[in-house]
Every structure is written in structure tokens, then in C-alpha cells.
Amino acid sequence: MPVLYNLKVANQVEKTCFDLPADFVAKFRNQLGVLWTDNLGMEVIEPQNRDEIHNCLIKLRSNPERRRDKVYIGCGAGFGGDRPLAALKLLQRVKELNYLVLECLAERTLADRYQTMVSGGDGYDSHISNWMHTLLPLALERGTCIITNMGAMDPVGAQQKVLDIASSLGLSVFVAVAHEVSTRNLGSEFSSEKSFILEGGISTYLGAAPIVHCLEKYKPNVVITSRLADAALFLAPMVYELGWNWDELEHLAQGSLAGHLLECGCQLTGGYFMHPGDKYRDMSFPQLLDLSLPYAEISFDGQVCVTKAEGSGGILNFHTCAEQLLYEVGDPGAYVTPDIVIDVQDVSFLPLSSCRVLCQGAKPSSKSVPDKLLQLVPKDCGWKGWGEISYGGYECVKRAKAAEYLVRSWMDEIFPGLNHHILSYIIGYDSLKASSNNGNASSQRTSEDIRLRMDGLFEQKEHAVQFAREFTALYTNGPAGGGGISTGYKKEILLEKLLVRHEDVFWRTAVRSNTSSQLNKAVDHESNPRPTSTLPPKLKLETDKSSSDFDFPSRSSSPAPSSQKIPLYNVAHSRAGDKGNDINFSLIPHFPSDIERLKLIITPQWVKSVLSPLLDMSPSLDLDARDEWINEDVQVEIYEVKGIQSLNIVVRNILDGGVNCSRRVDRHGKTISDIILCQQIVLPP
């Protein structure tokens, strides 16, 4: 059924309502550039001149305006499964927030969105409804602009969803989109409705420029993007508000540092940090429950202070900042973002109070601008089939191993030669495929409650389906006392990484509004009043009086003991993260000078020896072949980060193909940090 439109051309209102086919309206809009309103009250401002589509070549801003001396940017979400109520608490507690960033997109979630979209579902994050219902009313009241990458593969669809939600709440809102467009769609028949569907689901990590353009041109209440680099989501409002230009590399480096520290949410303020038994990381359950999401105060001169809400739980100090600094950065001397290559080797953290830390020392790398952009190309990597079953009591491990033997044998009867596709592990016994070099191997442990899990990655769907069926047969054909079987199968997509030229990647911006006479006037986030409790232009380097009474001890004042076996836990703490098939973990000494002794122990060969059990994936791979493969293909890179007197270690080709197709129970390799820390070492004098 055609839709009624009131067309407005060059700001002149045509009072006649046209009953027009959608394809005609699209062509009219594309040729002339119009502001139009449909019969649902949706006002659209989408001039289609070629200035709205840009390539990713860095272009200096023309006379950028400094709108504020300081901007306040909060992180409302650090990943797709984060908590909307925590973001609402941050908005309630920190009234001066100018921007709230919801970073909800990762390689795994991007692959999931692509699969859902090609199956006929939403290409954007379906949780956007809950987020906007929760946050929009207060954000509009406060004049806080929300920026999010929840658009994923379909930012235009996400835009419509937010407009619908705002209308249902009786709110007036301007929602901008900034997203990559396919070069195939740049001709005369360009269609905004389809431009977000890139050929084959390809997506590129964009920089901050598309968001800056949205903020300058539309001054929206919400900005929804496709795939942008995480730090760029935060850098964009800094560039816009503080009047920075793209050649002010020192400022961009500090701004990107702030974005990197904020991007994982509560990981900066005590989340993913608490560890009983470690006096530097232990905290009570109530403290962990009342975590505050972080925000940052960024000054026009590049000064950065990360902060958590006053009176909140959790912890923000040197330790939490150091762990997040090294999280998934690879080479700390050349951390690559689309906007700038950053050197964080000399970054330091100075606590100003129990809620505020000054962050200094980020600078452009020797090669300050990346030559190319990172592009992700969906690639079929097969069908995953899996099954789980529990055993308990006497000899439960042997019964689990018998069950594994049966499933493998049954599969081999029907599809011979597929056993090397299957990985087995026993949760509660050897599920991390890890061991300790102190002689306490996993085979020496005992357990009374275990769960067998088997994962297979197959080329054909029928193999994954058959695997799930054979596993289910354990109920009546397997060892005694097995229960709680669960099985499944799923098509898996691998995101292959390519490097592409800036000039070959294009992005587009647009804005829509649901303004109508029965809705409230839209809130302009520019009107957000400057906070009444502003800091002086330069933060004092002295700590506040309250900072002498921190909830947690600072770095140790005495070195770890030497010439005796001690667990690495006693010397350092760590956090691990993944990038594709690579793992990145840090080692941050409790006593700064212990770094010199650790450097003598933490060598590439030591790291390989500790993590080699992770590579024991296939029963068809004998020990000699595995060792040869480890020596030739597994690479270890160790970087010293002098500013925080720590080590950053990258291990390549160790995660069974990466998060999207790995058969490991810990696809991201996050547990590797504690596997490393449980190792017994002897420090030299």
C-alpha cells in the first residue's frame, strides 16, 4: 500500500499530500534532496548531495570550533552483554556527562549479526530496544548524547527502531547514522535504504570522522554506527567539542588513550579484576556488586583523567588502569587505530583520589598514521556440533573418557576420518587444557563432579547433526550414571582480516527525527550545562586528602623473595585478551623493580612451554609433530612497557582459529592469565 508524504523542497512546504509509490519517493529524494514527513510523523532530513558520502582519506577540519574547555564522556557498555541498569546508574550519578558511549560490537557479535541478517533477522543489535527504553528519557532530560555501534550490519534499521521507541515513550529525538557504504551503491541509483548492506557482509573498522561529521551537521541526540574502532567512538566527541584537528597528533594520542581505557566499561573500575587471596585485587562482594561504569574528563589541551562515580563500589587505581592499558594492544609502541598509531610505552597513571586517576604519556608512534584500514570479510568456516554430559562420584573421569571413546567410535563408523575435527575436554578436570610446570599435572587431580564436553568443527552440516545425535545416544548406550545431556549444532562464520586503502572505503551520514506536534520539543545536547564543580585548567598533581585512605593497597614497597619457588601470583597480576587467533596477556609486577628479574624468566621459550598444552587439540597429532608445529608456527613476542614497568606478551596462532570457530571451552583465551600466574618460578637475587 502506498504511503502518504508531505514533501518539502528547499524549505518550501507543499501542502498537497501525495499518494506515491515508495520507489518514486526514493528516486525523488535521491535526485533533489528533500526534507519529508511520512504519515506516521517521521521527519527525515537526508540531503543526497555527494558531500554526504566520503572516503576515509584523512581531511583536515576547516576552522574547527572549540565548544568546551573540557568534555565529559562516559562508557555505558563495554560489550554486547553489558547491563543497561549500570549505564542508567552512571547517568543518575554523574549529571555532567555530555556523552554516553555504548560499545556493544565485537568480532563474535558482528559475525552473529551477519548470520542473523542473511537468515532474515535483524542486522542490528536486537537489545537496542531495552537499552533505549532504559536510557533515552534521562539522557534527553540531561542533554546527554548517546553514541553506539549497535547498528552493526544494519544501522538504518537500528535508527528506525530507536525512533519507534522514542515515539512510544512520547519523546522527541534526532537520531543520526554513520555507516560504511558499498562502492557499488555510489552511482546515480544510490539507495539509502540498502546502502548499509555491504557486499557479502564486509565491514571495515572506521575512525572517528563519521561521528564528528554527524555531531557537526546534525547535533543529534543519538548516533548509531556500523563497525568503528572502539576508541574512535570516544575520540569523536573529543575532536568535536574540544576543537581538535586531525593533525594534532599529541591530542589524538591522548584522546585515543582515554577511549581505549574506557572502551571495556567496568574492566577499568574493578570489573574482571577481583581475585580472592590477592591483597592487591581482593574486594568484598558488595563492592563488586556496586561497580561504577567509568567516565573521563578530557581537556582541550589533551589532559585526561579517568573517573568513577563518587561513593560507588569497585576500584579505580594504578592496577586497574595498567591492566586495561595493555588489554589487547599487541605492540605497545605501535597500537594501531584508524585515526592514529599510538605509542603507550611511556604512559603513567597518577591517582588523584580513590575515584580519579590522571593518565599521561600517550604519544603518536614513529609511524603516526596507519597506511591502511582493517577490513573484516565473512567466510564460511564450517558447522560446529557439540555435546555435554555430566558424571559424578567414583571413577567419574574414567566414565567420561569411556563416553568420549564411544562417541568418537560411533562417528567413525558412519563418517570415517573425521575424528581429528573433534576436541574433547572434561570440565572440572582438564577443560582449560592447561598444566603447571611445577609437576602437578591435571592427570594427578581428582574430582567427584565433572562434565564431558566434545566440540567438532566440520565442513558439512550433516556431520555436525550426526555428531549431536551420536552424543545423545550416550543416555542408553554409554557408561553408567551420565546425565544432563545437552547438544547442538550451528553454522560458524570466520571474519577474515584484510588491509584496504583509505580511499577505497566510503561512509555516509544521515539523520531522522520523530518530531511532530504531539511530542515534546527535542533536547539539544549542546544545551547540556557545564558542570558547576569544574576543575582548574590544570589538574593538581598532588593527590586529594581522601586519596591517602584508598580501599586497596598501592604497589608493593618490597620486592618478591628470591632463590625459592613461589607462584607468579606473588609477583605480578595479569589480564588476557584475544585478537583473532592470537592471545595478549600482561604481567604487571606488584613491586615495580621486580620487572628486571621477571625479564630474565619470562622468555619466549618459557611462555611456549607453559601454554603448549593449549595446542594439544587433535588425537591424530603426535607429540613430535606438535612440538615441531609449536616451534615453527607459534610465535611469542614480549614487550617491555617502561611507563608502568610491566610486560606485554603476545602469543600468535594459539586459539584454535579464533573466537568465531574455536572448539575450546574458553574461546577468547581469557583464562590464560591465571594459567600463567599459577606457575612456580624462582626469582634470582
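At what angle do helix α7 and helix α8 pack, and how far apart are their axes? Select residues 230-242 for α7 and residues 249-262 for α8: the two pack at an angle of about 135 degrees, with their axes 8 Å apart. Angles from 65 to 115 degrees would count as roughly perpendicular and those over 145 as roughly antiparallel, so this pair falls in neither class. That makes α7 oblique to α8. Keep in mind as you go that this is a predicted model.

**Stop one: the α7/α8 contact**

With both helices still selected, check the handedness: α7 and α8 make a right-handed crossing. Now show side chains. On the α7 side, pick A231, F234, L235, M238 and V239. Facing them from α8 are L252, G255, S256, A258, G259, H260 and L262. Sorted by class, the contact of α7 with α8 has eight nonpolar residues, four polar ones and no charged ones. The spacing of the picks along a helix has a general background: an α-helix has 3.6 residues a turn, so residues three or four places apart point the same way.

**Stop two: L233 and the rest of α7**

Stay on α7 and colour by accessibility. Is this helix mostly covered or mostly open? Mostly covered: 13 of its 13 residues are buried. Zoom in on L233, which sits in α7. Its relative accessibility is 0%, so L233 counts as buried.

What does L233 touch, leaving aside residues up to four places away in sequence? Select V101, E103, I147, N149, I211, T225 and L228, and you have its contacts. V101 deserves a distance label: the C-alpha atoms of L233 and V101 are separated by 6.9 Å, although the two residues are 132 apart along the chain.

Before leaving, step past the end of α7 to G243, which follows the helix and has a positive phi, near 75 degrees.

**Stop three: α11 against α12**

Next, select residues 396-414 for α11 and residues 461-472 for α12. Their axes come within 9 Å and cross at roughly 135 degrees. α11 and α12 are therefore oblique to each other, and α11 passes α12 in a right-handed crossing.

Which residues meet here? From α11, show V407, W410, M411 and I414; from α12, show H463, Q466, F467, E470 and F471. This contact divides into six nonpolar residues, two polar and one charged.

**Stop four: salt bridges**

Now switch to charged side chains. How many salt bridges does the count come to? The total is 27 salt bridges, and a few make good stops.

- R281 and D278: the closest N and O atoms of this salt bridge are 2.9 Å apart. Both R281 and D278 are buried.
- E65 and R67: here the closest N and O atoms lie 3.7 Å apart. E65 counts as partly exposed, at 46% relative accessibility, whereas R67 is buried, with a relative accessible area of 17%.
- K367 and D371: label the closest N and O atoms and you should read 2.4 Å. K367 is partly exposed at 48% relative accessibility, while D371, at 53% relative accessible area, is exposed.

For the last view, select E388, R451, R453 and D455 together. These four are linked in a network of salt bridges.

Note on methods. Residues are numbered from 1 along each chain as its sequence is written. This is a predicted model: local features need pLDDT of at least 70, side-chain atom pairs count only at pLDDT 80 or more; totals for chains, interfaces and linings use all residues. Side-chain values use heavy atoms; hydrogens and water are left out. Buried means under 20% relative accessible area, exposed over 50%, partly exposed in between (1.4 Å probe, protein chains only). Axes are lines fitted to C-alpha atoms, for helices over the stretch in contact, and angles run from 0 to 180 degrees between N-to-C directions. Helices (H or I, at least four residues) and strands (E, at least two) are DSSP runs, numbered from the N terminus. Angles under 35 degrees count as roughly parallel, over 145 as roughly antiparallel, 65 to 115 as roughly perpendicular and the rest as oblique. A crossing is left-handed if the near helix is turned anticlockwise from the far one by less than a right angle, and right-handed if clockwise. Contact means heavy atoms within 4.5 Å. Ala, Val, Leu, Ile, Met, Phe, Trp, Tyr, Cys and Pro count as nonpolar, Asp, Glu, Lys and Arg as charged, and the others, Gly among them, as polar.
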